[in-house]
Amino acid sequence: MSGKYDLIIVGGGISGASLLYTTAKFTDIDSIALIEKEDEVAAVNSHHTNNSQTLHFGDIETNYTLEKAEEVKEGAELLAGYLENHDPDREMHAKRSKMVLAVGEDEVPQLEQRYHEEGFGELFPKLRPIGRDEIADIEPKVLEGREPDVDVLALQTPDGYVVDYGRTTKSFVEEASEETNVDVFTGTEVTEITPTLSGYTIETDDGRFDCDATVVAAGSHSLQMAKELGYGEDKVLLPVAGSFFLADDLLNGKVYTLQMKKLPFAAVHGDADVHDSSVTRFGPTAKLVPALERGNVSTVSDFLDVFGLNAASFLSYANILSDRVLLPYVLRNLLYDLPEVGPRQFLPHVQKVVPSVELDDIERAKGYGGVRPQIVDTKAKSLDMGEAKIVGDDVIFNITPSPGASTCLKNAMRDTHTLLEFLDDEYEFDEAAFREATIENFPYADEAPSATGADTVGEVAATDD
């Protein structure tokens with residue numbers, strides 16, 4: 001197998017697929033190919049069991065600054081608009097209530113300040129503070145069994161998009177594949193990328209491809225490929241594996257808890273599953289693992305390759321893991337995977353959301369969870385809390401920590417502009433049409449039928465497969 005293309009995208013997860021969709025449908029680039037090593041797209045982190053199914057807007061993620069929330073918000077609205085436009089039967093997503101819950105005299109003032117003084121109430125018009133009575137109307141189990149004299153406050157919004165990112169990835173690829181200038185190669189592993197005078201040669205286990213420009217959107221492997229080409233030498237990865245616990249029908253939508261601003265990891269939250277609302281998922285946990293893919297032993301050597309086994313990498317890890325907030329968090333998360341001990345240690349986090357839950361009500365979600373790479377800057381010896389993008393000569397490497405899936409279309413839009421520069425401005429991007437197919441379908445506050453959550457809760461049964 002071989003071929004010559006204007007653009008080749010390496011990686012068939014949500015990031016690569018969204019770029020394929022954007023360039024195929026809204027540019028006039030002559031020839032585009034996507035190469036994916038697995039037998040189907042979305043087989044790794046984008047699969048619906050390997051992430052928390054959340055579309056992050058920045059409204060209830062309390063470790064986000066207002067500036068980060070502003071940045072994430074447009075990206076989430078782009079994807080939400082795509083789902084509203086392309087998924088009327090709710091096969092890829094469900095729309096439910098969503099809230100962040102503050103419990104106790106320390107947390108409630110924090111949430112009040114965030115909403116009123118820090119600007120989140122203005123940035124998110126559909127977000128509103130609700131007390132015990134309304135919380136009980138929307139999420140009865142959150143109040144059931146809770147001490148009546150404990151202060152409780154929630155910020156609630158109807159924009160609780162629960163997304164099957166695997167099906168969304170496949171939708172992007174299907175849309176793109178309608179174009180005659182697009183080829184998709186699955187079961188094809190990239191073994192080497194080599195610069196040429198006019199672009200790149202991409203060697204695979206099934207032949208050679210040539211291209212003028214390339215984007216590597218291969219998750220944790222993106223940095224590995226970047227380093228092989230001499231990019232990203234001051235970066236390594238801290239791979240974090242997320243796991244979940246399952247319970248029966250406890251929540252109608254999403255209930256988050258307050259997050260620590262210093263941590264790039266989500267606090268434990270509860271979610272009704274995207275395809276089966278009778279299943280509630282709690283998590284994620286966050287365990288450090290020396291591998292780039294969950295359950296794939298062959299990627300241990302890939303991790304070591306990226307890590308480099310040098311002094312700068314070890315010193316960076318030591319500096320990060322010695323943090324008095326992060327170290328206890330990491331050690332505590334190690335316990336959650338232990339038989340017997342794990343569920344018992346995790347139970348209090350579940351009970352913060354649903355107080356009446358008992359130990360027998362939760363079980364480990366076997367086969368769930370993926371690996372999310374956290375970026376480490378070896379010069380600063382610290383975590384890089386944003387997404388990592390390395391732009392080289394006619395090549396882009398995307399390494400996307402959270403919320404990479406939520407902002408995939410915004411990232412694709414940015415990359416498309418960069419790619420047109422790579423291709424000497426021979427092609428055009430119809431951004432107006434792109435926005436018309438995506439963000440212009442997002443229901444803004446003045447279009448929302450209800451902010452109480454009643455409409456969205458009522459939709460739950462209709463979204464089950």
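This briefing covers the sheets, helix packing and unusual backbone spots of one structure. The model is predicted. It contains an open sheet of eight strands with mixed pairing. It also contains an open sheet of four strands with antiparallel pairing. Helix H13 (residues 408–422) packs against helix H1 (residues 14–26), and the axis of H13 also comes within 7 Å of that of helix H2 (residues 66–86).

**The eight-stranded sheet**

- The strand order is S4-S5-S3-S12-S13-S14-S11-S16.
- Strand S4 (128–130) and strand S16 (363–364) stand at the edges. Each has a single partner strand, so one side of each is left without a neighbour in the sheet.
- S4 pairs with S5 through three bridges, in the antiparallel sense. Here isoleucine 130 stands opposite alanine 154 in S5.
- Helix H3 (residues 107–116) packs on this sheet and touches S3, S4 and S5. The direction of H3 makes about 60 degrees with that of S5.

**Strand S3 and its partners**

- Strand S3 spans residues 93–103, and eleven of its eleven residues are buried. S3 is therefore largely enclosed by the rest of the structure.
- Ten bridges link S3 to strand S5 (residues 152–163), and this pairing is antiparallel. Valine 100 stands opposite leucine 155 in S5.
- S3 also runs parallel to strand S12 (residues 254–257), joined by four bridges. In this pair, methionine 99 stands opposite valine 255 in S12.

**The four-stranded sheet**

- The order of strands is S15-S10-S17-S18.
- Strand S15 (287–288) and strand S18 (382–384) are at the edges. Each has a single partner strand, so one side of each lacks a neighbour in the sheet.
- Strand S10 (residues 235–241) and S15 run antiparallel and are joined by two bridges. Valine 240 stands opposite leucine 288 in S15.
- Helix H10 (residues 311–321) lies across S10, S15, strand S17 (371–377) and S18. H10 runs at about 45 degrees to S10.

**Helix H13 with H1**

- H1 and H13 pack at an angle of about 55 degrees, and their axes are 8 Å apart. The two helices are therefore oblique to each other.
- The crossing of H1 past H13 is right-handed.
- On the H1 side, the contact uses Ile14, Ser15, Ser18, Leu19, Tyr21, Thr22 and Thr23. On the H13 side, the residues are Cys408, Leu409, Asn411, Ala412, Asp415, Thr416 and Leu419.
- This contact of H1 with H13 has seven nonpolar, six polar and one charged residue.

**Helix H13 with H2**

- The axes of H2 and H13 come within 7 Å and cross at roughly 100 degrees. That makes H2 roughly perpendicular to H13.
- H2 contributes Glu71, Glu74, Gly75, Leu78, Leu79 and Tyr82 to the contact. H13 contributes Cys408, Leu409, Lys410, Met413 and Arg414.
- By class, the H2 contact with H13 has six nonpolar, one polar and four charged residues.

**Glycine 11**

- Glycine 11 sits in the loop between strand S1 (2–10) and H1.
- Glycine 11 is buried, with a relative accessible area of 7%.
- Lysine 37 is 26 residues away from glycine 11 along the chain, yet their C-alpha atoms are separated by 7.4 Å.
- Leaving aside residues up to four places away in sequence, glycine 11 touches Gly16, Ala17, Leu34, Ile35, Glu36 and Ala217.

**Unusual backbone spots**

- Most residues other than glycine have a negative phi, and most peptide bonds are trans. Three places to look at follow.
- The peptide bond from glycine 283 to proline 284 is cis, with omega near -5 degrees. Proline 284 lies in the loop between strand S14 (280–283) and S15.
- Leucine 309 has a positive phi, near 50 degrees. Leucine 309 belongs to the loop between helix H9 (299–307) and H10. Leucine 309 is exposed, at a relative accessible area of 53%.
- Lysine 381 also has a positive phi, of about 55 degrees, although it is not a glycine. The loop between S17 and S18 holds lysine 381. Lysine 381 counts as partly exposed, at 28% relative accessibility.

How values were computed
Residues numbered from 1 in each chain as written. Predicted model: local features only at pLDDT ≥ 70, side-chain atom pairs only at ≥ 80, totals over all residues. Heavy atoms only, no water. Pairing = 2+ DSSP bridges. Contact = heavy atoms within 4.5 Å. Axes fitted to C-alpha atoms, helices over the stretch in contact; angles between N-to-C directions. Parallel < 35°, antiparallel > 145°, perpendicular 65-115°, else oblique. Left-handed = near helix turned anticlockwise from the far one by under 90°. Nonpolar A, V, L, I, M, F, W, Y, C, P; charged D, E, K, R; others polar. Buried < 20%, exposed > 50% of the residue type's maximum accessible area, 1.4 Å probe, protein only.
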